[in-house]
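Biologist: Got a minute? I'd like to go through this model with you, cysteines first.

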Amino acid sequence: MGDPFFHPVSGFDLPRFAGVPTFMRLPHVSLDDPRIKDVQIGLIGTPWDGGTTNRPGPRHGPRQLRDMSTMIRAQNGATQIRPFELVNCADLGDVAPNPAGLEDSMARITAFYDQVAEAGILPMTAGGDHLCSLPILRALAKDTPLGMIHFDSHTDLFHSYFGGTMYTHGTPFRRAIEEELLDPKRVVQIGIRGTTYDSEDRDFAQSVGVRIIPIEEFHARGVEDVMVEAKEIAGHGRTYVSYDIDFVDPAYAPGTGTPEVGGPNSFQAIQVARMLDGVNIVGADLVEVSPPFDTAGATAFLGASIMFEMLCNMAQNLASD
């Protein structure tokens with residue numbers, strides 16, 4: 001049954017609209033709390049969107065994701081996994097960004113995740129824009145490059161924006177490959193679509209061995225077949241999972257900064273996360289939820305549900321070690 005301290009508050013004990021919202025109603029354990037040594041998976045907010053190039057707002061994502069995640073219950077209805085009984089999970093709070101300083105914010109994020117990694121905690125992150133992934137990877141991949149399974153409508157592999165700006169939410173994985181944080185031959189990007197500036201990002205992917213599965217191929221092959229290949233590419237090595245909510249069609253997830261039509265529906269969005277079973281996930285993120293464009297909270301609730309599916313797989317992996 002696990003440590004009761006780390007069990008979420010039940011809706012049978014306190015209504016879901018009551019109490020202080022934490023991720024999935026878990027206890028809040030700060031990095032200086034004595035119980036931090038007992039945490040195995042930490043849910044973390046990165047409320048920062050300093051890399052956003054289109055509609056702003058993902059800095060408010062973690063707060064709305066926390067609120068909507070109060071609807072998450074203790075058991076996965078499809079897989080029957082009860083993650084909070086398998087491992088100790090806690091809300092570790094938010095990284096404190098500098099809203100006026102891009103590189104300082106990235107340094108702050110890396111410093112926070114350095115402490116998380118040193119404590120042996122697997123991080124599950126709620127963004128924030130997609131540039132947040134880069135400083136997280138700088139902390140998690142200090143010793144060896146990671147593989148990555150990446151769900152998105154964009155590759156985020158561009159060299160630069162506006163004539164040489166190297167750090168935006170369209171460049172994090174180009175930088176991560178250049179910094180040898182990711183092994184490009186163990187990287188797969190799923191759902192890529194939409195109009196493009198040019199083919200620079202895809203040309204780069206091809207040159208280094210990144211596998212891109214465009215949305216047309218995703219729909220033609222189906223979720224199961226695509227995910228079998230994705231897991232083969234990641235292999236058994238340490239793998240990061242990055243999930244941009246704009247992977248999902250904006251009919252189901254409108255609350256994001258750069259939506260692209262033609263994507264998966266909400267059930268397929270859950271399926272791909274559920275089918276990460278067996279992947280050696282050392283960290284995961286769900287990014288680009290933008291509450292100003294999500295007034296009813298549907299995008300954030302889908303995002304929280306996806307986080308729960310990834311958390312179930314991470315918990316199952318830890319429990320089986």
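**Cysteines, core and a helix pair**

Modeller: The disulfide count comes to zero. Keep in mind that this is a predicted model.

Biologist: Why is there no bond for Cys312?

Modeller: Distance. The closest cysteine sulfur, in Cys89, is 9.1 Å from the sulfur of Cys312, too far for a bond. A pair would have to be within 2.5 Å.

Biologist: Is Cys312 buried or exposed?

Modeller: Buried, with a relative accessible area of 1%. Cys132 is buried too, with a relative accessible area of 1%.

Biologist: OK, new topic. In the largest nonpolar core, which residues touch the most other members?

Modeller: Leu43, Phe151, Ile190, Tyr243 and Ile306, out of 55 residues. Helix α10, residues 298-320, gives the largest share of this core, with 11 residues.

Biologist: And is there another core? What is in it?

Modeller: Yes, one of 40 residues lies apart from the largest. Its members include Tyr113, Leu131, Cys132 and Tyr240.

Biologist: Back to Phe151. What is it in contact with, leaving aside neighbours within four places in sequence?

Modeller: Among others, Ile190, Met227, Tyr243, Phe247 and Leu276. Asp244 and Ser242 are on the list as well.

Biologist: Now α9 and α10. At what angle do their axes cross?

Modeller: Roughly 20°, and the axes come within 8 Å. The two helices are therefore roughly parallel to each other. The crossing is right-handed.

Biologist: Which α9 residues meet α10?

Modeller: Ser266, Ala269, Ile270, Ala273 and Arg274. On the α10 side they meet Leu302, Ser305, Ile306, Glu309, Met310 and Asn313.

Technical notes: Residues numbered from 1 in each chain as written. Predicted model: local features only at pLDDT ≥ 70, side-chain atom pairs only at ≥ 80, totals over all residues. Heavy atoms only, no water. Core = buried A, V, L, I, M, F, W, Y, C linked by side-chain atoms within 4.5 Å. Buried < 20%, exposed > 50% of the residue type's maximum accessible area, 1.4 Å probe, protein only. Helix = DSSP H or I, 4+ residues; strand = E, 2+ residues; numbered from the N terminus. Contact = heavy atoms within 4.5 Å. Axes fitted to C-alpha atoms, helices over the stretch in contact; angles between N-to-C directions. Parallel < 35°, antiparallel > 145°, perpendicular 65-115°, else oblique. Left-handed = near helix turned anticlockwise from the far one by under 90°.
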